[in-house]
Amino acid sequence: MSLKRKIAYNTIIQLVGKSLSTLLGLLSVFIMTRTLGAEKFGWYTTAIGFLQFIGIFSDFGFTITTANMLSEPKFQTQKLLNTLFSWRLTSAIIFHGLAPLIFLFFPYPIEVKIAVAIMAVSFFAISVSNVFTGYYQMQLKTQIHMAGELLGRTFLIIGIGLVAKFGLGFLPIMVVISLASIINSGYLFYKMPKISLSFDKEISVAIFNKIWPTALCIIFNSFYLQGDRVILPLFVTQSEVGFYGAAYRVLDIIIQMSALIMGIMAPLLAFSWSRQLADDFKKRLQMAFDLIALFLIPMMLGAIALAEPIMRFVGGQEFSESGKILTWLSWAIFGICFGMVFGYTSLAINRQREAIWIYLVDAILSIVGYFIFIPRFGIYGAAGVTIFSEIFAGLGLMFLVLHYSCFLPKIKSLTKIFIAGLIMCWAITSYPLPHVLLSIVFGGFIYAFLILILRVISKDTIKEITPFSN
């Protein structure tokens with residue numbers, strides 16, 4: 001199987017798997033919002049927002065560093081994998097062990113503090129599995145990663161469904177969330193080659209030199225990405241936090257597609273760049289840019305058009321207010337689109353250090369903005385600053401990559417994608433259907449038809465990359 005077909009095969013697996021995972025994720029939000037109500041969903045949002053901040057703060061870029069370093073021919077694979085795992089395990093124990101203790105000082109109900117302690121186990125499991133995910137991405141064995149994710153999501157749905165049925169309440173749902181993550185990570189660990197603790201000195205130095213600029217970027221990134229969900233609960237009611245969290249949860253599920261695509265493409269970009277294959281590098285970067293736009297742009301426009309009926313469907317009438325928030329937050333997808341492509345690419349071309357100032361400036365402006373606008377405008381102030389921060393980071397990273405790689409993306413496909421998306425948006429708003437799911441399916445068919453008519457993807461390209469063609 002050629003490299004292009006192998007990429008296509010893994011992409012198809014991930015697209016199918018991620019589609020199922022996304023549906024399960026939406027179903028989990030559907031059950032939780034209707035079971036917990038706005039206030040207790042606010043408790044969940046407050047707890048998970050803090051843990052996500054700690055999780056991103058302490059991520060240090062292990063997933064992408066693992067994929068990139070394993071793509072480079074410098075170290076023996078097993079020794080490198082063991083050392084990466086050992087450092088990830090150590091950092092996860094420290095940060096996720098301290099998180100519940102730090103949260104005790106926050107002025108929240110005791111149930112929220114207990115929830116943080118329970119779900120810290122979930123985030124510990126996710127952190128440790130970063131290395132496993134990076135390994136599977138480099139090996140183009142995405143079926144294993146997707147199987148683990150679907151296994152965890154399936155357990156999550158069954159678990160919270162039973163909790164909801166028997167009316168067990170808030171904390172048992174938090175337990176189910178942690179167990180789902182443990183099952184996911186446990187499956188990934190089970191499928192890994194034999195792995196053991198090792199702190200090889202030479203490899204550890206190489207990891208540190210590779211990872212520290214990425215770690216700084218991600219630390220600053222955590223402030224502007226998660227700052228709203230940490231600061232917002234200090235100034236608004238838990239019900240308002242619940243409205244904001246429900247909208248953001250839907251947005252998080254939508255943008256997972258971009259991380260999926262770049263998880264596949266980043267090791268290939270690093271491979272081409274490290275071997276000075278300039279033409280291959282530019283082709284792969286253009287492919288990544290087009291693929292992310294192909295999926296995220298229609299999702300952005302569709303979410304803007306159908307935000308309120310989506311949130312009413314997900315959370316019930318009580319969460320109608322979340323629809324207005326989702327309308328605003330969806331504009332951030334445009335910045336996320338650029339940020340994902342060029343953020344991962346800056347790592348692939350080893351320009352993490354030059355990217356630090358972008359994340360630092362963004363973090364400072366965002367934190368200042370949150371403290372200025374959240375007290376005055378509440379959840380809409382948080383949404384406005386979030387949109388600014390994502391677009392600022394996305395454009396800054398784009399100019400950084402353009403400068404060092406001499407890559408100028410072709411916008412022909414992007415223009416066609418926008419045209420198709422706008423026509424789709426017009427159709428679903430001009431011809432409303434009885435149920436939001438029917439409108440989503442209707443819009444999807446229109447968009448797919450227009451993509452083919454406008455030849456965003458040619459028939460020859462489809463034949464070339466399809467893994468099942470002769």
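Exposed means over 50% relative accessible area, buried means under 20%, and partly exposed lies in between. The close-ups below show a predicted model.

**View 1. C406, a non-glycine residue with positive phi.** C406 sits in the loop between α13 and α14 (412-430). Its relative accessible area is 59%, so C406 counts as exposed. Phi of C406 is positive, about 55 degrees, although the residue is not a glycine.

**View 2. R455, in the loop between α15 and α16.** The flanking helices are α15 (436-453) and α16 (459-465). R455 is not a glycine, yet its phi is positive, near 55 degrees. With a relative accessible area of 66%, R455 is exposed.

**View 3. The salt-bridge network of D228, R229 and D252.** Two pairings build this view. The side chains of D228 and R229 meet in a salt bridge, at 3.9 Å from N to O. A salt bridge here needs a side-chain nitrogen of Lys or Arg within 4 Å of a carboxyl oxygen of Asp or Glu, so a 3.9 Å pair falls inside the cut-off. R229 also forms a salt bridge with D252, where the closest N and O atoms are 3.2 Å apart. R229 belongs to helix α7 (residues 201-231) and D252 to helix α8, so this pair ties together parts 23 residues apart in sequence. Side chains of opposite charge can pair when their charged atoms come close. Burial is the other point to check. D228 has 0% relative accessibility and therefore counts as buried. R229 is at 7%, so R229 is buried. Both R229 and D252 are buried.

**View 4. The salt bridge between R351 and E354.** The two side chains meet at 3.0 Å, N to O. R351 has a relative accessible area of 26%, so R351 is partly exposed. E354 is at 24% and is therefore partly exposed too. The count for the model comes to four salt bridges.

**View 5. S272 and its contacts.** S272 lies in helix α8 (residues 238-274). Its relative accessibility is 0%, so S272 counts as buried. The side chain of S272 makes a polar contact with the side chain of R284, at 2.6 Å. Leaving aside neighbours within four places in sequence, S272 is in contact with L277, D280, F281 and R284. R284 thus appears in the contact list and in the polar contact.

**View 6. A nonpolar surface patch of about 740 Å².** The patch is made by W328, L360, I364, V368, I372, F373, F377 and Y380. Helix α12 (residues 352-377) gives the most, with six residues. I372 has its place in helix α12. At 41% relative accessibility, I372 counts as partly exposed, because that value lies between the buried and exposed limits.

**View 7. I387 in helix α13.** Helix α13 covers residues 379-405. I387 has 13% relative accessibility, so I387 counts as buried. Beyond neighbours within four places in sequence, I387 is in contact with W328, W331 and A332. W328 is also one of the residues that make the nonpolar patch. A long span can be drawn from here. The C-alpha atoms of I387 and V163 are separated by 35 Å, and the two residues are 224 apart along the chain.

**View 8. Helix α5, residues 142-165.** Helix α5 has 24 residues. At 1.5 Å a residue, these should span 34 Å. The end C-alpha atoms are 34 Å apart, which agrees. After α5 comes G167, whose phi is positive, near 60 degrees.

**View 9. I428 in helix α14.** I428 has a relative accessible area of 5% and is therefore buried. I428 and S439 are 11 residues apart in sequence. Their C-alpha atoms are 6.0 Å apart in space. Leaving aside neighbours within four places in sequence, I428 is in contact with G302, A305, L306, S439, F442 and G443. S439 is thus among the contacts of I428.

Note on methods. Residues are numbered from 1 along each chain as its sequence is written. This is a predicted model: local features need pLDDT of at least 70, side-chain atom pairs count only at pLDDT 80 or more; totals for chains, interfaces and linings use all residues. Side-chain values use heavy atoms; hydrogens and water are left out. Patches are made of residues with over 30% relative accessible area and no salt bridge: like charges are joined within 9 Å, nonpolar side chains (Val, Leu, Ile, Met, Phe, Trp, Tyr) within 5 Å. Accessible areas come from the Shrake-Rupley method with a 1.4 Å probe; for residues, only the protein chains shown count as cover. Helices (H or I, at least four residues) and strands (E, at least two) are DSSP runs, numbered from the N terminus. Buried means under 20% relative accessible area, exposed over 50%, partly exposed in between (1.4 Å probe, protein chains only). A polar contact is a pair of N or O atoms within 3.5 Å; within protein, one must be able to donate a hydrogen and the other to accept it, and residues adjacent in sequence count only if both atoms are side-chain atoms. Contact means heavy atoms within 4.5 Å. The expected span of a helix is 1.5 Å times one less than its number of residues.
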